[in-house]
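Trainee: Let's go through this model together. I'll ask, and please show me how you reason.

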Amino acid sequence: MKSLLFAITMIIATGAMAQKANPAVESAFAKAFPGISVKSWDNENGKFEANFTKDGKQMSATFDANGGLEETEMDVAVNELPASITSYVQDHYKGEEIKEAAMITKPNGEKMYEAEVKEMDLVFDAKGNFVKEEMEMKDKEDKD
């Protein structure tokens, strides 16, 4: 019985963490995006991701636990990706389509692109050169 109670407590605690960030992170978000409301918070491996809309675009911003901004991500249409990304996917993932695309901006201004293919995120540099392949995180799928 104690283990069941512990399991339920952990599920509730985990759910609460995924819905809210700590005060340092919330303050950092408010400074970086004044006047913007967070739709939801996700906790990903100790980092906090704010999901929001800015200028009609779906976006997210990832912060470390101290409120340091690590990156922002803005959804883009697949046809807005550099042509080299589409070509790479056609050549290396024959028969697969890009399901979603995003432009990632690091705090130093460095831009990258992300293309979702076969439940993986393919990461490319600003010129569309392939960088790496990552398994997609399930909690990032629904940003609405």
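Trainee: Which residue in β5 stands opposite E73?
Mentor: Start with the strands, which are DSSP runs (E, at least two residues; helices are H or I, at least four), numbered from the N terminus. Strand β4 (residues 69-76) runs antiparallel to β5, and 5 bridges join them; two strands pair if DSSP finds at least two bridges between them. In β5, the residue opposite E73 is I104.

Trainee: What should I know about the model and its numbering before we go on?
Mentor: This is a predicted model, where local features need pLDDT of at least 70 and side-chain atom pairs count only at pLDDT 80 or more, while totals for chains, interfaces and linings use all residues. Side-chain values use heavy atoms, with hydrogens and water left out, and along each chain, as its sequence is written, residues are numbered from 1.

Trainee: Which residue of β6 does I104 stand opposite?
Mentor: On this side, β5 and β6 run antiparallel and are joined by 6 bridges. Their hairpin has 5 residues between the strands, and there G109 takes a positive phi near 95°. In β6, the partner of I104 is M112.

Trainee: Is I104 buried or exposed?
Mentor: Look at its contacts, meaning heavy atoms within 4.5 Å. Not counting residues up to four places away in sequence, I104 touches E71, T72, E73, E110, K111, M112 and E114. Buried means under 20% relative accessible area, exposed over 50% and partly exposed in between, using a 1.4 Å probe and protein chains only. At 4% relative accessibility, I104 counts as buried.

Trainee: How many of the 6 residues of β5 are buried?
Mentor: I104 is found in strand β5, and it counts as buried at 4%. The strand as a whole is largely enclosed by the rest of the structure, because the number of its 6 residues that are buried is 5.

Trainee: Which residues touch the most other members of the largest nonpolar core?
Mentor: A nonpolar core is a set of buried Ala, Val, Leu, Ile, Met, Phe, Trp, Tyr and Cys residues joined through side-chain atoms within 4.5 Å. The largest one has 15 residues, and the elements giving two or more of them are α3 (83-92), β5 (100-105), β6 (111-117) and β7 (120-125). The members that touch the most others are L81, I85, Y93, I98 and F124.

Trainee: What is L81 in contact with, leaving aside its neighbours within four places in sequence?
Mentor: L81 is one of the residues that touch the most other members of the core. With those sequence neighbours left aside, its contacts are V76, I98, A101, Y113 and A115.

Trainee: Which residues of helix α2 are buried?
Mentor: In an α-helix there are 3.6 residues a turn, so residues three or four places apart point the same way. The face of α2 (residues 23-32) turned away from the buried side carries the exposed residues P23 and K31, while the buried residues are V25, A28 and F29.

Trainee: Why do they line one face, and within what arc do they fall?
Mentor: The arc is that of the directions from the helix axis to the C-beta atoms. The buried residues of α2 pack against β1, β2 and β3. Seen down the axis, they line one face of the helix because they fall within an arc of 100°.

Trainee: Where is N45, and what is its phi?
Mentor: N45 is in the loop between β1 (40-44) and β2 (47-54). It is exposed, with a relative accessible area of 70%. Although N45 is not a glycine, its phi is positive, at about 55°.

Trainee: Which residue in the loop between β2 and β3 has a positive phi too?
Mentor: Look for a residue that counts as exposed, at 74% relative accessibility. Its phi is near 50°, a positive value in a residue other than glycine. The residue in that loop is D55.

Trainee: What is the relative accessible area of T62?
Mentor: T62 lies in strand β3 (residues 57-63). Beyond four places in sequence, T62 touches K47, F48, E49, G68, L69, E70 and E71. It is buried, with a relative accessible area of 12%.

Trainee: What share of the 144 residues in the chain is buried?
Mentor: The secondary structure comes to 3 helices and 8 strands, and the elements run α-α-β-β-β-β-α-β-β-β-β from the N terminus on. Of the residues in this chain, the buried share is 35%.
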